[in-house]
Amino acid sequence: MYSTHGTAADAEKKNSKTNKLGIAYLVLALPVETAALIYLADMGFWAAKAHEDVLMLLPFILVAILYIVITISTFRNTIKGQKPHPIRNSILLKICTYFLLSAFAFIRIPNGVYAFGLFLFIGIVFSLLALAVIKSKRRKPVQVTMPMPLDTKFQYNGKNLWKRAAREYMRLHNIQDIGMLSEEEKRRIRDYTAVYYSYFFYWLASEGFLSETFYTKTKITPDYITEMVEKRTISPVAFVREIDYYFDQTYLLEGTLPFFKSYFDHGSRFTGTVSQYLMDFMDTNGNPVDRFFCIDFSWEILDKLVKKIGERYDEHNRKLNRYNLVEFYEEEDENTAEPAAFHSTLFGSDLETKKTGPKYTGDISEQYIRQCMENMEHLSELQLRRLRRWLNDMYGSDEETGDLLSQFRAYSLEVMDPKVEGDIVYVVSGEADFEPEHGISFSVRNGVIVEQGYAFDFPDLYDDEHLEKYERLCDSTDYTKIRTVQDMERLAEAGILKKVSILPDITGDVTFTKELSKPSHQAPELLESECIYLPAYAAATKELFEKNLKSIITMENANEVTPKITYNVQFSTDAAGNLESSVPRDIYIHCRETGILFRLSCLINVWD
């Protein structure tokens, strides 16, 4: 059978190599730094004698002491392997130390200000360089408690997760010592580590997505797959046991890797998120709050989860083949009777008309161009007020800069070919003194300003992010007029708002905290409230995230970690600091990094 990777022999070999490197560094550093320290001491002594100032010795003595400290620290870090590139960092730190401290020796010399400035400048430059280099390479180690990538090429080894699964099993069965586990229980725990991804492996096998590498390395035959997939005489867990609880991405056909990475292997180490497969797995199993590993395999669950995976796969392929583009528009409208430039009464300027963006259906008609012009001229006051608020958020308040929208000079109407029949989609670009370098643009779909950015930014208004945003912005409620509890209760009765608790009702070992950003003169009943009022779409987003949050809490509890989750509720204020609305503008939910596997966060934009 195919054996696992990352053996103890490999680890020992790596440790031996780092130990030799640390010893070599120490051997080379000692004579070089001894000579350097003698030179510094001699230079400091003669400088102090020549200028009859014993304090001139102090910078050189400090350099010598710090050199010794850095060398010892570097040797220790090299041996332990706790930090990347310790020798390189050591050299940078020593250069910084020499120039920064030596500079202060010159400050006590008559006319030494130029030498002081030069040495200080060089020291600061090297300090910034060292800070940038060291910080760019620093990455917190992630404590893996689930099938997640162990390096840049995905690998899963159930044996490595056995102890964590055992801790969960012992907690559930009130077993105090690992030595009390029977051999049968130990085998069962090992199978528990395979349950999570056995369902996904079954789907891969049923779709024929296993590679030739898989069959070569594992010696599994197609007949064995048939027994599991079609006859179901072999369970997926037994199948995973047969391949020694191990697989990596070479087991998959190359064409399935994009889906695999986005759905199954979309981990938290770089993105701060969890995989959609984890959420589907926990949801299909009823979101248990006390276990992650110790979940028994079920053919009934398999049927439900495999169906869900198939739907995710089809959705993934639809996204990849969303557009079927003929070309990309980027031309002036010279071939229509409509003039290439027209005067906008809304912005008080002449706008050049262009066809820009993805081309979906065919040529943009003259009538459609005229519809875009007409739509832009009749943007609602609510849309313009949202645009003003965005400009104020980016570039300062009206009180500081005046009405920023009135300073915007539009010069281009970029007509976009719509994906959906009947849509009117365009981008207005222009310039403003408060953004002279990049200019300003805003993208509009059916009279709704969906996105703002720099001039000639052409976002895809039909991707998932903008479709969701468009749905939210189609809400015509003016939230800046909702100030009191009575206003919110009235809208809740009308079904426009929904009253929800700030903190979720989730059991498990977890610490929830709330932070409310409200003006100090806010009404007391709102300050003390444990509830908030949200539009239906925002309340649904919050509810869905909290449903998935149960999975995170379960996994962290299995790893004997107490997640710390903060709800930051942000309210909008005007330039004078007065509350604009009693309905929160944003809700930021954040799992703190300390002690947590997933740096998971969710930003719910309630209204714009």
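Here are some questions and answers about the cores, a helix and a surface patch in this predicted model.

Me: Which helix gives the largest share of the largest nonpolar core, and how many residues is that?
Reply: Happy to start there: this core has 59 residues, and Tyr-197, Phe-200 and Trp-203 are among those touching the most other members. Elements supplying at least two residues each include α5 (162-172), α6 (183-206), β2 (246-248) and α13 (299-320). The largest share comes from α6, with 13 residues.

Me: Which residues does Phe-281 touch, leaving out those up to four places away in sequence?
Reply: Phe-281 is another of the core members that touch the most others. Beyond four places in sequence, the contacts of Phe-281 are Val-195, Tyr-196, Tyr-199, Phe-292, Ile-295 and Leu-305.

Me: Why are the buried residues of α18 on the same side, and what arc do they cover?
Reply: Helix α18 spans residues 485-493, and its buried residues are Val-485, Asp-487, Met-488 and Leu-491. They sit on the same side of α18 because the arc they cover around the axis is only 160°.

Me: Which exposed residues does the face of α18 turned away from its buried side carry?
Reply: Good follow-up! The buried side holds Val-485, Asp-487, Met-488 and Leu-491. The face turned away from that side carries the exposed Gln-486 and Glu-493.

Me: Is Leu-58 buried, partly exposed or exposed?
Reply: Leu-58 lies in helix α2 (residues 57-80). Together with Ile-61, Leu-62, Ile-65 and Val-69, Leu-58 forms a nonpolar surface patch of about 410 Å² accessible area. Buried would need under 20% and exposed over 50%; with a relative accessibility of 44%, Leu-58 therefore counts as partly exposed.

Definitions and conventions: Residues numbered from 1 in each chain as written. Predicted model: local features only at pLDDT ≥ 70, side-chain atom pairs only at ≥ 80, totals over all residues. Heavy atoms only, no water. Core = buried A, V, L, I, M, F, W, Y, C linked by side-chain atoms within 4.5 Å. Buried < 20%, exposed > 50% of the residue type's maximum accessible area, 1.4 Å probe, protein only. Helix = DSSP H or I, 4+ residues; strand = E, 2+ residues; numbered from the N terminus. Contact = heavy atoms within 4.5 Å. Arc of directions from axis to C-beta. Patch = residues over 30% accessible without salt bridge, like charges linked within 9 Å, V, L, I, M, F, W, Y side chains within 5 Å. Areas by Shrake-Rupley, 256 points an atom, 1.4 Å probe, with all protein chains shown as cover. Salt bridge = Lys/Arg side-chain N within 4 Å of Asp/Glu carboxyl O.
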